[in-house]
2 protein chains.
Amino acid sequence: MNAPVVYAHHESRSFNAAMKDVAVRALEAAGWTVRVSDLYAEGFKANAGPEDYTRRSGSERFGYLHEMKHAAATRAYVPDILREQDRVAAADLLLFQFPLWWYAAPAIVKGWADRVLTDGFAYTDERLFANGLLKGKRGMLCVTTGATPEELAADSDVTGTMDEILRPFSGGVLQYVGMTVEPPFIAYAPGSASPAARSDMLKAFARHVEAAATRAR
Amino acid sequence: MNAPVVYAHHESRSFNAAMKDVAVRALEAAGWTVRVSDLYAEGFKANAGPEDYTRRSGSERFGYLHEMKHAAATRAYVPDILREQDRVAAADLLLFQFPLWWYAAPAIVKGWADRVLTDGFAYTDERLFANGLLKGKRGMLCVTTGATPEELAADSDVTGTMDEILRPFSGGVLQYVGMTVEPPFIAYAPGSASPAARSDMLKAFARHVEAAATRAR
């Protein structure tokens, strides 16, 4: 069983890094093969562009969707896209580990979705949502927040609830390509939590990942 | 009156480019000063990182929020952030022109928010939402979709309604920093529309921008 981890934090001593390490240990202990895509360390390019394709359609007018469709038949993608697609193709469970910035994934994670989940690989015009090309795989969002649950609830009339905040990614990305969405794990405000509370969150996260690994077998 | 336009499309012959041109003409005709930040043409960096600060806090452990707070007092930001902040600071109305990808802004626009709207410039712990540092300014989302309204409605139980799709940006970014959110303009599926329908959308968009320019006076 394969579990790639799409991981986005600069700092190896961060709480996001600790969560990533907890997930890797929990999955490996359960016999899974884990590969971490450490986006910042690898300098992952966030911005989609013409340079993502090694063979262009010849259209004078650059349209990203058009080029994606053209590249699909021959997988004419640059190496970082190919590598990520190979990991996704082999995945049984795909984890995303990132801090919520502006009530959404950081640009580097959004860019991963923009560039890696191409038309013809993850979906087609006919194969999306329940019938998406990545059907049968599971996806899990593992996120940290700056705000406490109380602060988030107080602002939810403007920003939406946590379910609504995650929906563009969980529904609009993971479900769009056919994945089954595992319950997310949200570590609330670890930056202002006590060491004991941080340790408890990591233990709860380990159990959360173990349960998902069991369900995905 | 100043209206910066944060513009994100590769192709000068795209519908997004046509919308951007329509907005510029409508605003200039109304006597406004317009500056377009053409993110792709300028190679705008989407990924936030330690290199965004010209003077670091000295903390061994890199935390983006921590560095933002530290840099605020001396504006120790790299030139592209400074330039965008200067444009935002001078703005009466701020337009964002982009195609919706994965029910959200493309990575390059998300990266603009991640990097430009720094703690101490756009908000502080005490000054956010109704009291945000950019209070008094107006923001407008101008977006294109790949899907038709009917297709979007059919999938809205999974992806959310258009209001909900835009909320992380309109509520979680623009309102967070204190801006008044203008009604968005959504051009549905221009890529599959007839030339006449595209032309009608552009005319409706011109009227939409003119109305916002009048309100913002």
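Which residues of S3(A) lie on one side and which on the other, and are they buried or exposed?

1. Basis. This is a predicted model, in which local features need pLDDT of at least 70 and side-chain atom pairs count only at pLDDT 80 or more, while totals for chains, interfaces and linings use all residues. Residues are numbered from 1 along each chain as its sequence is written, chains are lettered from A in the order in which they are written, and side-chain values use heavy atoms, without hydrogens and water.

2. Strand S3. A:Leu93, A:Leu95, A:Gln97 and A:Pro99 occupy one side of S3(A), A:Leu94, A:Phe96 and A:Phe98 the other, and all are buried (under 20% relative accessible area, with exposed over 50% and partly exposed in between; 1.4 Å probe, protein chains only). Because 7 of the 7 residues of this strand (residues 93–99) are buried, S3 of chain A is largely enclosed by the rest of the structure. Strands (E, at least two residues) and helices (H or I, at least four) are DSSP runs, numbered from the N terminus.

3. Strand pairing. S3(A) runs parallel to strand S1 (residues 2–7) of chain A, with 3 bridges, and A:Val5 stands opposite A:Leu95. S3(A) also runs parallel to strand S4 (residues 138–144) of chain A, with 7 bridges; here A:Phe98 faces A:Val143. Pairing requires at least two DSSP bridges between two strands.

4. Symmetry. Chain A superposes on chain B by a rotation of 180° with 0.0 Å of shift along its axis (RMSD 0.0 Å), by least squares on the C-alpha atoms of residues with pLDDT of at least 70 in both. That is the relation of a two-fold axis.
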